[in-house]
Amino acid sequence: MSEVVYAIRISHLEYSGLKIMDIKIGKSTDIDNTLRQYSRGNRDIELLDMWTPNPDKTLSTAERGVHAVAEKYAYDKQSEKFVFLQGAYQEFAETVNMLLQNVSRDDLAAKSTSSESDDVDDYTGTTPSVIKILGETHDVGTWGETLTTAVTQILHDVDDHERIMEIQGRTRTYFAKTGDQSDLVRPQKIPDTDLYLETNLSAKDCVRRIRQVMEKYGYDTAELEIFTEET
C-alpha cells in the first residue's frame, strides 16, 4: 500500500495565451487504480505530482495540508477540484515540495516490494466473537461477518462511499458496485449502500482490509479491537 496525496490534471484550456488547468487534489493508497478511475471519464488526464505524508502525520492530515496550500494559489475551488492559472500551479507545487516528499511512480514501485503490509496479527485458527470499532461493539461469528460489520460501521459515518473503491489489490478486486459484484469470488452486500465487498479472504486479510478502510477515511486503527476464540 502506497499512501500519497496526488495532483491530477483533469482538463485544461488555453484562451488568448492564458492557460487554465482543472486539478484534482486528493489522497490514494493505490495511485494506479485511482488513475484508471479518472481515465474512464476523461482520457486526457495527467498525473502532475505525488507527495507522501510525513512519518508523524496521517494521509488525511497531509491531504488537508496540501488543500490549504492549494487554496492560496488556485483561482477557484470546488471540493477537491482546484482551478489554477498559468504558472500558479508550479508555484503551488514548489511550495508543497518544501513541506512533503515529492515522489514518482517509479519511487513507489521500488518501495512496494509487497502490496500487503505484514503488521497485522496472525488470526489463523481463531474465530471472531466480538468486534469493537469506532466506539461501537458488535457480536460476530465469522471473519466475513467481521469485515462486513466493520465496513458498514465506517461507511455509515462518511458521505463519500465510492472512495472505498480505491482499495484494490494487484490482481484482485475487494469492493464492487451493484451490477459488478460478479468480479468478486464471494460478494457480500454492504447494507445501506450500492456496494459489495469480497469475503473470500483469510482472517488476516479481513483484518487488513478493515484497517485499510479505516485509514482510507482517516480513522485511527487504534479504534479497532477484535476478540477471538480458539478453534
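# Exercises on helices and sheets in a predicted model

The buried residues of helix 5 are W143, G144, T146, L147, T148, T149, A150, V151, Q153, I154 and L155. The model in these exercises is predicted.

**Exercise 1.** Determine how many residues of helix 5 are buried and how far the helix reaches from its first C-alpha to its last.

*Solution.* Step 1: locate the helix, which covers residues 143-156 and has 14 residues. Step 2: apply the cut-off, by which a residue is buried when its relative accessible area is under 20%. Eleven of the 14 residues meet this condition, and helix 5 is mostly covered. Step 3: examine the length. From the first C-alpha to the last, helix 5 reaches 20 Å, close to the 20 Å expected at 1.5 Å a residue. Step 4: inspect the start of the helix, where a side-chain oxygen of T142 comes to within 3.0 Å of the backbone nitrogen of E145.

**Exercise 2.** Describe the open sheet with the order 8-7-12 and state which helices pack on its strands.

*Solution.* Step 1: establish the pairing. Three strands make up this open sheet, and they pair in the antiparallel sense. Step 2: identify the edges. Strand 8 (136-139) and strand 12 (224-230) each have a single partner strand, so one side of each is left without a neighbour in the sheet. Step 3: consider the twist; on average, neighbouring strands are turned by 25° against each other, direction ignored. Step 4: examine one pair. Strand 7 (residues 126-133) is joined to strand 8 by four bridges, and I131 has H138 in strand 8 as its bridge partner. Step 5: add the helices. Helix 5 packs on the sheet, touching strand 7, strand 8 and strand 12, and its direction makes about 10° with that of strand 7. Helix 6 (residues 203-216) lies across strand 7 and strand 12, at about 170° to strand 12.

**Exercise 3.** Classify the arrangement of helix 5 and helix 6 relative to each other.

*Solution.* Step 1: take the geometry. The two axes come within 9 Å and cross at roughly 5°. Step 2: compare with the cut-off, by which angles under 35 degrees count as roughly parallel. Helix 5 and helix 6 are therefore roughly parallel to each other. Step 3: name the residues in contact. Helix 5 contributes W143, G144, T146, L147, A150, V151 and I154, while helix 6 contributes A203, C206, V207, R209, I210, V213 and M214.

**Exercise 4.** Describe the six-stranded sheet and the place of K24 in strand 2.

*Solution.* Step 1: read the order, which is 4-5-2-1-3-6, with antiparallel pairing. Strand 4 (76-78) and strand 6 (101-102) are the edge strands, each pairing on one side only. Step 2: examine strand 2 (residues 18-28), which is joined to strand 5 (residues 81-85) by five bridges; here I20 stands opposite L85. Step 3: turn to K24, which is found in strand 2. Its side chain makes a polar contact of 3.0 Å with the side chain of Y38. Beyond neighbours within four places in sequence, the contacts of K24 include Y6, A7, I8, I10, E80 and K81.

**Exercise 5.** Are S79 and D192 buried or exposed?

*Solution.* Step 1: place the residues. S79 lies in the loop between strand 4 and strand 5, and D192 in the loop between strand 10 (187-189) and strand 11 (195-198). Step 2: apply the cut-off, by which exposed means over 50% relative accessible area. S79, at 58%, is exposed; D192, at 74%, is exposed. Step 3: note the backbone. S79 has a positive phi of about 60° although it is not a glycine, and phi of D192, also not a glycine, is near 65°.

Technical notes. Residues numbered from 1 in each chain as written. Predicted model: local features only at pLDDT ≥ 70, side-chain atom pairs only at ≥ 80, totals over all residues. Heavy atoms only, no water. Helix = DSSP H or I, 4+ residues; strand = E, 2+ residues; numbered from the N terminus. Expected span 1.5 Å × (residues − 1). Buried < 20%, exposed > 50% of the residue type's maximum accessible area, 1.4 Å probe, protein only. Polar contact = N/O pair within 3.5 Å; in protein donor to acceptor, adjacent residues only side chain to side chain. Pairing = 2+ DSSP bridges. Axes fitted to C-alpha atoms, helices over the stretch in contact; angles between N-to-C directions. Contact = heavy atoms within 4.5 Å. Parallel < 35°, antiparallel > 145°, perpendicular 65-115°, else oblique.
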